[in-house]
Amino acid sequence: KPKDKHNGLGFKAHQVCELFDISKATLFRWERDGVIDQPARDWRNWRLYTRKNVDEIEKVIRARKAVG
């Protein structure tokens, strides 16, 4: 499991991408296509991913690796 390297409020998109070695385009496409839930937003409207979001992304990646 990825280590928590966040500020307590949530993970930023670039942190999630670094954890899983995926691009922001992939992450945002999964959101748009309904593959993963939409994350919360901060006052700037930046995405804030919770531990639950991160776990969900991890499951998607594992499932895709199992198929591929």
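# Exercises on a predicted fold

The buried residues of helix 3 are Asn53, Val54, Ile57, Glu58, Val60 and Ile61. They span an arc of only 160° around the axis, which places them on the same side of helix 3. Keep in mind that this is a predicted model. With that in hand, let's work through some exercises.

## Exercise 1: Helix 3 from end to end

Task: Check the length of helix 3 against its residue count, then describe its two sides.

Solution.

Step 1. Helix 3 covers residues 51-67, which is 17 residues. The expected span takes 1.5 Å times one less than the number of residues. That gives 24 Å, and the end C-alpha atoms are 25 Å apart, so the two values agree.

Step 2. Turn to the periodicity. An α-helix has 3.6 residues a turn, so residues three or four places apart point the same way.

Step 3. Look at the other side of helix 3, where Lys52, Lys59, Arg62, Ala66 and Val67 are exposed.

Step 4. Finally, find the partners: the buried residues of helix 3 pack against helix 1 (13-20), helix 2 (24-32) and strand 2 (47-48).

## Exercise 2: The faces of helix 2

Task: Find which residues of helix 2 are buried and what they pack against.

Solution.

Step 1. Thr26, Leu27, Trp30 and Glu31 are the buried residues here. Viewed down the axis of helix 2, they fall within an arc of 140°, so they line one face of the helix.

Step 2. Ala25 and Arg32 are exposed on the face turned away from that buried side.

Step 3. For the packing, the buried residues of helix 2 touch helix 1, strand 2 and helix 3.

Step 4. Continue past the helix: Gly34 follows helix 2 and has a positive phi, near 80°.

## Exercise 3: Positive phi outside glycine

Task: Where do Asp21 and Asn45 lie, and how exposed are they?

Solution.

Step 1. Start with the background. Most residues other than glycine have a negative phi.

Step 2. Asp21 has a positive phi near 55°. Asp21 belongs to the loop between helix 1 and helix 2, and its relative accessible area of 71% makes it exposed.

Step 3. Asn45 also has a positive phi, of about 75°. Asn45 lies in the loop between strand 1 (40-41) and strand 2. Its relative accessible area is 48%, so Asn45 counts as partly exposed.

## Exercise 4: Arginines and rings

Task: Which rings do Arg44 and Arg47 sit over, and which residue before helix 1 is paired with Arg47 in a C-alpha distance?

Solution.

Step 1. The charged end of Arg44 is placed over the ring of Trp46, 3.9 Å from its centre.

Step 2. Arg47 lies over the face of Phe28, with 3.7 Å to the ring centre.

Step 3. Phe11 is in the segment before helix 1. Its relative accessibility is 2%, so Phe11 counts as buried. Phe11 and Arg47 are 36 residues apart in sequence, and their C-alpha atoms are 8.1 Å apart in space.

Step 4. As for rings with rings, the structure holds 0 aromatic pairs.

## Exercise 5: The whole chain

Task: Summarise the protein chain by its elements, burial, contacts and surface.

Solution.

Step 1. The chain has 3 helices and 2 strands, in the order α-α-β-β-α along the sequence.

Step 2. Of its 68 residues, 35% are buried.

Step 3. Take the contacts between residues at least 6 apart in sequence: 45% of these join residues at least 24 apart.

Step 4. The accessible surface is about 4800 Å², with 51% belonging to carbon and sulfur atoms.

Technical notes. Residues numbered from 1 in each chain as written. Predicted model: local features only at pLDDT ≥ 70, side-chain atom pairs only at ≥ 80, totals over all residues. Heavy atoms only, no water. Phe/Tyr/Trp six-rings, centres within 6.5 Å; stacked < 30°, edge-to-face > 60°. Lys NZ or Arg CZ within 6 Å of the ring centre and 35° of its normal. Helix = DSSP H or I, 4+ residues; strand = E, 2+ residues; numbered from the N terminus. Buried < 20%, exposed > 50% of the residue type's maximum accessible area, 1.4 Å probe, protein only. Arc of directions from axis to C-beta. Contact = heavy atoms within 4.5 Å. Areas by Shrake-Rupley, 256 points an atom, 1.4 Å probe, with all protein chains shown as cover.
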